[in-house]
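Please keep the model open in a viewer and follow the selections below in order. Each stop names what to select and then describes what is there.

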Amino acid sequence: MGIHMTKNAVAFDCWIRGRFVALNDELEAIYFAQPDRTAVGEAGASVRRSLLAEGLELIVPLLQEGNTDEGFEAAFDLLGNVGMYMAACRRHELTEPSRETRSPLPEASALAMHLGASLGVVPRFATSHLATHNPARQGRYKTFTTLKDEALFLDYNTRAIFAYKRAADALVRIVPMGISHPIAYDLLSDARHALLDVAKWNQMLFDELDDERFFHCVRPYYKPYRVGFAEYRGANAGDFAGINEIDMLLGVCSANDSFYSQLLVDKFLYMMPEDQARLRDCMRRESLLNALLAEMPAARAEAWYQRNVRKFLEVCEAHGRAAAQHHDQLVRKFIEVPSRNLSDDSLRKVTASGLPLEVMLRSLEKLKDLRTAAPRDDIPSRHRDFERLRASLM
């Protein structure tokens, strides 16, 4: 079933899928041919003016139209289109939050805030707009450019997101049944297979994505930008509930940890409302690790315990392996290494979170070490608890 949109929304969607992409392609070709690929400056000034003016012309009637109550899907899709326009303006430095106190795109900001507030999400484009909720038309979904590397990035990230969701769906079904239930083994097996798929898609992304094209022509569309007076961080591939449900259900991370709870708070409005509800529900659940540790003294010699602990540890290892792979391969190849040749000014603006690169890298390493239960005493790692669980195997 298609999304029902107003005439003005259809016109804007057609522009986003067509002329908007062509303008971005033209600008990316100009930037990439320069000796300094990060220097936007006045390059392609007339093309940038066309993008700004054409988008505004289509947004004004949408703002005047107001909320026509076409349903969540139509409103969310429109928010994504407005957000893509604003993100492209940021990429081409038609707007730059560090030199502004409010967005120079007042009409787009007003429409984005109206939509975001009514939907209960952040008023900018989020990962789901380009991944899980990106409707295709005749086989093509929405992108900023026609570059092969943008399609690779979105295809493999979307596959990994759905694999994480499958793993989370399997694990959350164990909770009302109990970890000693015979079917818990089957659900743990399902979760492990899904996490192995995450690692497969990560590896294919690592092997096939061109680091220079991604860093200079894809990632800049994910930078922070202002909506009204407020600056919002860029979209992140982890802005969905599944990966955090896995963290907390396995027990490798806890909502009681200030570092991890801050991460959850920061991402809530970047997720779909149903994901927000799932994450809130998961935050009050006991982890499977704690459930197994509680069962250990009395049940260690039981067949179910040995069988389910062994499979549980395989799931945790698969989750940790995917986290380490993301950090040690993807972050290093596509963010850390290309950043080494940047000027200090460009380096300050490189992260989608808006944080300095070194701060972001330290935070990602800490998260990786939590997910892998690394032997660290300076973070709430569950390393010793996992050692106890392994020692209970016969």
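**First stop: two loop residues**

Select glutamine 138, which is exposed, with a relative accessible area of 85%. The coordinates belong to a predicted model. Glutamine 138 is found in the loop between H6 and helix H7 (148–172). Its phi is near 50°, a positive value in a residue other than glycine.

Next, select alanine 373, in the loop between helix H16 (357–371) and helix H17 (383–391). Alanine 373 also has phi near 50°, again a positive value in a residue other than glycine. Is alanine 373 buried or exposed? With a relative accessibility of 10%, alanine 373 counts as buried.

From alanine 373, move to histidine 383, whose place is in helix H17. Leaving aside neighbours within four places in sequence, histidine 383 is in contact with Ala373, Ala374 and Pro375. Histidine 383 counts as partly exposed, at 25% relative accessibility. For a distance to display, take the C-alpha atoms of histidine 383 and aspartate 369: they are separated by 9.7 Å, and the two residues are 14 apart along the chain.

**Second stop: the whole protein**

Zoom out and colour by secondary structure: the protein has 17 helices and two strands. Along the principal axes, the C-alpha atoms fill a box of roughly 75 × 50 × 40 Å. The radius of gyration is 22 Å, which agrees with the value near 21 Å that a compact globule of 394 residues would have.

Now display the surface. The protein exposes about 17,400 Å², and carbon and sulfur atoms supply 53% of that area. Buried residues make up 53% of the 394 residues. Among contacts between residues at least 6 apart in sequence, 78% join residues at least 24 apart.

**Third stop: aromatic pairs**

Show the aromatic rings; a search of the whole structure finds 14 aromatic pairs. Select phenylalanine 12 and tryptophan 15: their ring centres are 6.0 Å apart and their planes are at 15°, so this pair is stacked. Both residues lie in helix H1 (residues 7–17), three residues apart, which is about one turn of the helix. Phenylalanine 12 is buried, with a relative accessible area of 0%, and tryptophan 15 is buried as well, with 8%.

Select phenylalanine 125 and tyrosine 222 next. This aromatic pair is edge-to-face, with 5.7 Å centre to centre and 70° between the planes. Which parts of the chain does the pair tie together? Phenylalanine 125 lies in the loop between helix H5 (106–119) and helix H6 (127–130), whereas tyrosine 222 lies in the loop between helix H9 (211–218) and strand E1 (225–227), so the pair ties together parts that are 97 residues apart in sequence. Both phenylalanine 125 and tyrosine 222 are buried.

These four residues can now be placed in a wider selection. Phe12, Trp15, Phe20, Tyr85, Phe125, Phe144, Phe153, Phe214, Tyr221 and Tyr222 form one aromatic cluster.

**Fourth stop: arginines over rings**

Keep tyrosine 221 displayed and add arginine 91, which lies over the face of that ring, at 5.8 Å from its centre. Then select arginine 159 and tryptophan 201: here the arginine lies over the face of the tryptophan, at 5.1 Å from the ring centre.

**Fifth stop: the nonpolar cores**

In soluble globular proteins, nonpolar side chains tend to be buried together. In this model, the largest nonpolar core has 110 residues, and those with the most contacts inside it are Tyr85, Phe312 and Leu389. Select H7, which gives the most to this core, with twelve residues. Then centre on phenylalanine 312: leaving aside neighbours within four places in sequence, it is in contact with Leu188, Leu250, Leu288, Leu289, Leu292, Phe386 and Leu389. A second, separate core of five residues includes Ile335, Leu357, Met360 and Leu361.

**Last stop: tryptophan 304**

Finish at tryptophan 304, in helix H14 (residues 303–339). At 21% relative accessibility, tryptophan 304 counts as partly exposed. Not counting residues up to four places away in sequence, tryptophan 304 touches Ile179, Ser180, Leu292, Glu295 and Ala299. To end with a long distance label, join the C-alpha atoms of tryptophan 304 and asparagine 236, which are 39 Å apart in space and 68 residues apart in sequence.

Conventions: Residues numbered from 1 in each chain as written. Predicted model: local features only at pLDDT ≥ 70, side-chain atom pairs only at ≥ 80, totals over all residues. Heavy atoms only, no water. Phe/Tyr/Trp six-rings, centres within 6.5 Å; stacked < 30°, edge-to-face > 60°. Helix = DSSP H or I, 4+ residues; strand = E, 2+ residues; numbered from the N terminus. Buried < 20%, exposed > 50% of the residue type's maximum accessible area, 1.4 Å probe, protein only. Lys NZ or Arg CZ within 6 Å of the ring centre and 35° of its normal. Rg over C-alpha atoms; globule rule 2.2 N^0.38 Å. Contact = heavy atoms within 4.5 Å. Areas by Shrake-Rupley, 256 points an atom, 1.4 Å probe, with all protein chains shown as cover. Core = buried A, V, L, I, M, F, W, Y, C linked by side-chain atoms within 4.5 Å.
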